[in-house]
Amino acid sequence: MECIRLEEITKKYGKDKNTVTVLDKFNYTFEKGKFYMIRGASGSGKTTILNIINGLDEEYTGTCYINNENVTNKNEKGKAKIRALDMGYIHQEYLLLEDLSVLENVKIRLKCKNKYLKEKITSKSIKEKSIKVLESLGLKDHINKSPKELSGGQKQRVAIGRCLVSDVEIILADEPTGALDSKITIEIMDLLKGLNKEGKTIIMVTHDISILDYADEIINLI
Ligand SMILES: Nc1ncnc2c1ncn2[C@@H]1O[C@H](COP(=O)(O)OP(=O)(O)O)[C@@H](O)[C@H]1O
Ligand SMILES: [Mg+2]
C-alpha cells in the first residue's frame, strides 16, 4: 500500500546565475512498512527529500502525497499536524533539547502529538508512557539526566524513543549512524529494523555501505 508519493519534484536553490537544481522532476512512491535507504554523494539532495516529506521545505514544485493526501497544498498548521501525528525524525546530530532532561525530551514529543488528538492523553499517562519507552530502550538509569551526559548511542536511543512514544507511522532518519562507531551503529540499526518489522515505514539517508542490507529498497541519487 502506498504511503508517500513524490510527484515531479523539482527543487532549486539560489537565484538567477547562481541557481542550483538539486532535484529535477523526481518521482518516487514509498510503500507502507518498507525500509528505504537513500544514498548519493554529498549535495545530491538526500536531506532535501526528507525536508520535503516532513513539510519543512516549501519552496519546490511538484507534489508530495502522504497517505494519498496532497500535503504540498497544506498550510503551515496542516503540515505541523501531519508531522506531529505521523512522522518521527532522527538526525545524525540527535537534535535533543539539551536544557531538558532525557524524560522531558520524550514527554514533549507526546505532548506535541496530544495537541492534535481528539481524546487527550492525561499528563500522568504521558509520563508513564515516556518512562516505559525509555526503559524499553535500556535508558532507565538515565531518564533524569541531561542529554549532554549521554553517549552518542544513548542520545540516538532517546531520539528513537521520541518516535516510539508518539507511535508514528513514518520515520525519517538523516544519517542516524553517521556519528557512531560500528558496534553502536549495529545496535541502532537493529532497533530501527525492529520498528520496521512492527510496520513502520523507514526512510533513511546513509553513506555507510556496510548497513545497506537492512533496506528493502535503495534509492541512488546521482
Ligand atoms: N539553504 C540552502 N541554500 C543554498 N543551497 C543549499 C541550501 N541547502 C542545501 N543547498 C544545496 O543543495 C544541495 C543539496 O543539499 P542536501 O539536500 O542537503 O544534500 P545532501 O543531504 O544529499 O548532502 C547541496 O549542493 C547544497 O549545497
Ligand atoms: Mg544531508
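A polar contact is a pair of N or O atoms within 3.5 Å. With that cut-off in hand, we can look at how ligand 1 is held in view of its neighbours in this predicted model. An oxygen atom of ligand 1 is 3.2 Å from a polar backbone atom of Ser 44, so this pair falls within the 3.5 Å cut-off.

**Around ligand 1**

Ser 44 has company: the residues around ligand 1 run from Gly 43, Ser 44, Gly 45, Lys 46, Thr 47 and Thr 48 to Ala 41 and Ser 42, with Tyr 13 and Val 22 completing the list. Here are the distances from an oxygen atom of ligand 1 to its partners.

| Residue | Partner atom | Distance |
|---|---|---|
| Gly 43 | polar backbone atom | 2.7 Å |
| Ser 44 | polar backbone atom | 3.2 Å |
| Thr 47 | N or O atom in the side chain | 2.8 Å |

**Helices α2 and α3**

Now to the helices. Two packed helices are described by the angle between their axes and the distance between the axes. Helix α2 covers residues 76–86 and helix α3 covers residues 102–114; their axes are 8 Å apart, at an angle of about 125°. At that angle, α2 and α3 are therefore oblique to each other. The crossing of α2 past α3 is left-handed. On the α2 side the meeting residues are Arg 83, Ala 84 and Leu 85, and on the α3 side they are Arg 109, Cys 112 and Lys 113. Sorted by class, this contact holds three nonpolar and three charged residues, with no polar ones.

**Helices α3 and α5**

Helix α3 also packs with α5, at an angle of about 30° and with the axes 9 Å apart. Angles under 35 degrees count as roughly parallel, and α3 is therefore roughly parallel to α5. Here the crossing is right-handed. From α3 come Val 102, Asn 105, Val 106, Arg 109, Leu 110 and Lys 113, while α5 supplies Val 158, Gly 161, Arg 162, Val 165 and Ser 166. Five of the residues in the contact of α3 with α5 are nonpolar, three are polar and three are charged.

**Helices α5 and α6**

What angle do the axes of α5 and α6 make where they cross? Helix α5 (residues 152–166) and helix α6 (residues 182–197) cross at roughly 10°, and their axes come within 10 Å. These two helices are therefore roughly parallel to each other. Gly 153, Gln 156, Arg 157, Ile 160 and Leu 164 of α5 meet Ile 184, Glu 187, Ile 188, Leu 191, Leu 192 and Leu 195 of α6. By class, the contact of α5 with α6 has seven nonpolar residues, two polar and two charged.

Definitions and conventions. Residues numbered from 1 in each chain as written. Chains lettered and ligands numbered in written order. Predicted model: local features only at pLDDT ≥ 70, side-chain atom pairs only at ≥ 80, totals over all residues. Heavy atoms only, no water. Axes fitted to C-alpha atoms, helices over the stretch in contact; angles between N-to-C directions. Helix = DSSP H or I, 4+ residues; strand = E, 2+ residues; numbered from the N terminus. Parallel < 35°, antiparallel > 145°, perpendicular 65-115°, else oblique. Left-handed = near helix turned anticlockwise from the far one by under 90°. Contact = heavy atoms within 4.5 Å. Nonpolar A, V, L, I, M, F, W, Y, C, P; charged D, E, K, R; others polar. Near = heavy atom within 4 Å. Polar contact = N/O pair within 3.5 Å; in protein donor to acceptor, adjacent residues only side chain to side chain.
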